[in-house]
Each structure stands twice: as structure tokens, then as C-alpha cells.
Amino acid sequence: MYPHSTVSGSEDRLAGYTALPLDSNPYRRSYGLPRRGAAGALLGGTLSDRIGRRAMLALGTLLGAPLLMLALSLPPGAAMLVVLALAGVALLSGGPVQLVLMQELLPDNRGAAVGLSIFMVTVASAVGTITVGALGQLIGLQAALILAAAVALLALPFVALLPETRHVSGRLP
């Protein structure tokens, strides 16, 4: 583990660690992240064709947020990494579903739909990052990340308001 100084004296379990040294090569160490994202994207797109766009967005959030909270409560190690990988697959499964949903909601303006979707995700990511960082200064990084995962569950009522945009096959792959 790579200890560093804590910021503003906040005490939490994650404050003393910047990374888990699983591999000395930084390229190999970070290469797994895009693969989990790709797995989530493929899974989310495929399942949304079977169970529907709304159901897939809800499922990704319902699985991903609690898995992220669980991972943050585990001690650093292999189990934490496995749970984080599963949380990443679940949480990242909604990205392609959201893009397709936007295109289906605006079929005559697909380019604008994608642009609007990417804009909203970019702004929300920036605001979320700054907010979690500021909260991390006040209450500790671990508590701030757990709170952010819990707040993600507040999106579920809004997902239920989305129209279903395509016929659902009902068949699982």
C-alpha cells in the first residue's frame, strides 16, 4: 500500500492508500478498468433488448449502488477488487442504454439526442466529482463515496417515469 498524508485531518479507512499495488506496470494495472466498462456496456445493451430500457437502467442502479457500498466497507484486497469490478459492470451498463433511449425518444434528431445525452452526463459527472470531493474533505472519502452510492438510488423513481421505447422480447440471451 502507498501511504500518503490525509487531507484536512479527515480520518477514514481509505485516507492512507492511493492504490492497491497488484502489478508494478501501471498500464496493466489500469487496463482492467476499460474491460469492465466494455463488459458492462455489452451486457447492458443486450439485456435492455430483452427486458426493456427502463428495467435495465433500474437493474444497473439496484445492483451497482449496493455493490459499491459493500466494496467500500471491505478491507483493501482481492475481495474488494472483485466487488468493485461487479459494481463497475452494473453501474456502467446504463451508459449505452441511455444513449439508445435518447435516440429512440428523438428519432428525427438522433445527433442532437446523443449530443444532449453526452452533455448531461459530462455536466453531472463534473458536479458529482466536485461534490464528492468537497464532501470527502468534510466527512472523509469513504463516507462521501458511500453517500454518493446511496444518492444514486434516488434516480429510481425518475427511471420509472421514462417511457418504454421499444418492444421487449422477454427472452434472455
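User: Which helix is Ser117 found in?

Analyst: Keep in mind that this is a predicted model. Ser117 falls in the stretch that runs over residues 110-139. That makes its home helix α5.

User: Is Ser117 buried or exposed?

Analyst: The cut-off for buried is under 20% relative accessible area. Ser117 has a relative accessibility of 1%, so this residue counts as buried.

User: Which side chain joins that of Ser117 in a polar contact?

Analyst: Leaving out neighbours within four places in sequence, Ser117 is in contact with Gln98, Leu99 and Met102. Among them is the polar partner: a contact of 3.2 Å joins its side chain to that of Ser117. The residue you want is Gln98.

User: How confident is the predictor in helix α5, and which element has the lowest mean pLDDT?

Analyst: Helix α5 has the highest mean pLDDT among the elements of the chain, at 93. The other end of the scale is a mean of 69, over residues 26-51. That lowest value belongs to helix α1.

User: What does the chain average in pLDDT?

Analyst: A score of at least 70 is reached by 74% of the residues. Over residues 1-11, though, the pLDDT is below 50, and the model has 23 contacts for this stretch beyond near neighbours in sequence. Where pLDDT is low, predicted coordinates should not be read in detail. As for the chain average, it is 79.

User: How many contacts beyond four places in sequence does the model have for residues 16-23?

Analyst: Here too some caution helps, as pLDDT stays under 50 over residues 16-23. Low pLDDT means the predicted coordinates should not be read in detail. With that said, the model's count for this stretch is 21.

User: How many helices does the chain have?

Analyst: Reading along the sequence, you get the pattern α-α-α-α-α-α-α. There are zero strands, and the helix count is seven.

User: What share of the residues counts as buried?

Analyst: The chain has 173 residues. With buried meaning under 20% relative accessible area, the share comes to 24%.

User: Which element gives the largest share of the largest nonpolar core?

Analyst: That core has seven residues: Leu47, Met56, Leu57, Ala58, Val97, Leu101 and Val159. Two elements give two or more residues to this core, namely α2 (53-73) and α4 (94-105). Nonpolar side chains tend to be buried together in soluble globular proteins. The largest share here, three residues, comes from α2.

User: What does Val97, one of the core residues, touch beyond four places in sequence?

Analyst: Val97 is a member of the largest nonpolar core, as are Met56 and Leu57. Val97 touches both of these, and its list also includes an arginine, Arg53. In full, the residues touched are Gly44, Gly45, Ser48, Arg53, Met56 and Leu57.

User: Which residues are linked in a network of salt bridges?

Analyst: The count comes to two salt bridges. One of them joins the side chains of Asp49 and Arg53 at 3.0 Å, N to O, and Arg53 also meets Glu104 at 2.8 Å. Side chains of opposite charge can pair when their charged atoms come close. The network is made of Asp49, Arg53 and Glu104.

User: How many residues apart are Arg53 and Glu104?

Analyst: Their side chains meet in a salt bridge. The pair links distant parts of the chain, with Arg53 in helix α2 and Glu104 in helix α4. The separation is 51 residues.

User: Is Arg53 buried or exposed?

Analyst: Its salt-bridge partners are both partly exposed: Asp49 has a relative accessible area of 29%, and Glu104 has 25%. Arg53 has a relative accessible area of 3%, so this residue is buried.

User: What distance separates the C-alpha atoms of Pro66 and Leu153?

Analyst: Pro66 lies in helix α2 and is partly exposed, with a relative accessible area of 35%. Thr61, also placed in helix α2, is in contact with Pro66, Ala152, Leu153 and Leu156 beyond its neighbours within four places in sequence. Pro66 and Leu153 are 87 residues apart along the chain, and their C-alpha atoms are separated by 9.0 Å.

User: How far does helix α3 reach from its first C-alpha to its last?

Analyst: Helix α3 covers residues 78-92, 15 residues in total. Its buried residues include Met80, Val83 and Ala87. At 1.5 Å a residue the expected reach is 21 Å, and the model's value is close to that, at 21 Å.

Terms used. Residues are numbered from 1 along each chain as its sequence is written. This is a predicted model: local features need pLDDT of at least 70, side-chain atom pairs count only at pLDDT 80 or more; totals for chains, interfaces and linings use all residues. Side-chain values use heavy atoms; hydrogens and water are left out. Helices (H or I, at least four residues) and strands (E, at least two) are DSSP runs, numbered from the N terminus. Buried means under 20% relative accessible area, exposed over 50%, partly exposed in between (1.4 Å probe, protein chains only). A polar contact is a pair of N or O atoms within 3.5 Å; within protein, one must be able to donate a hydrogen and the other to accept it, and residues adjacent in sequence count only if both atoms are side-chain atoms. Contact means heavy atoms within 4.5 Å. A nonpolar core is a set of buried Ala, Val, Leu, Ile, Met, Phe, Trp, Tyr and Cys residues joined through side-chain atoms within 4.5 Å. A salt bridge is a side-chain nitrogen of Lys or Arg within 4 Å of a carboxyl oxygen of Asp or Glu. pLDDT is the predictor's confidence in each residue, from 0 to 100. The expected span of a helix is 1.5 Å times one less than its number of residues.
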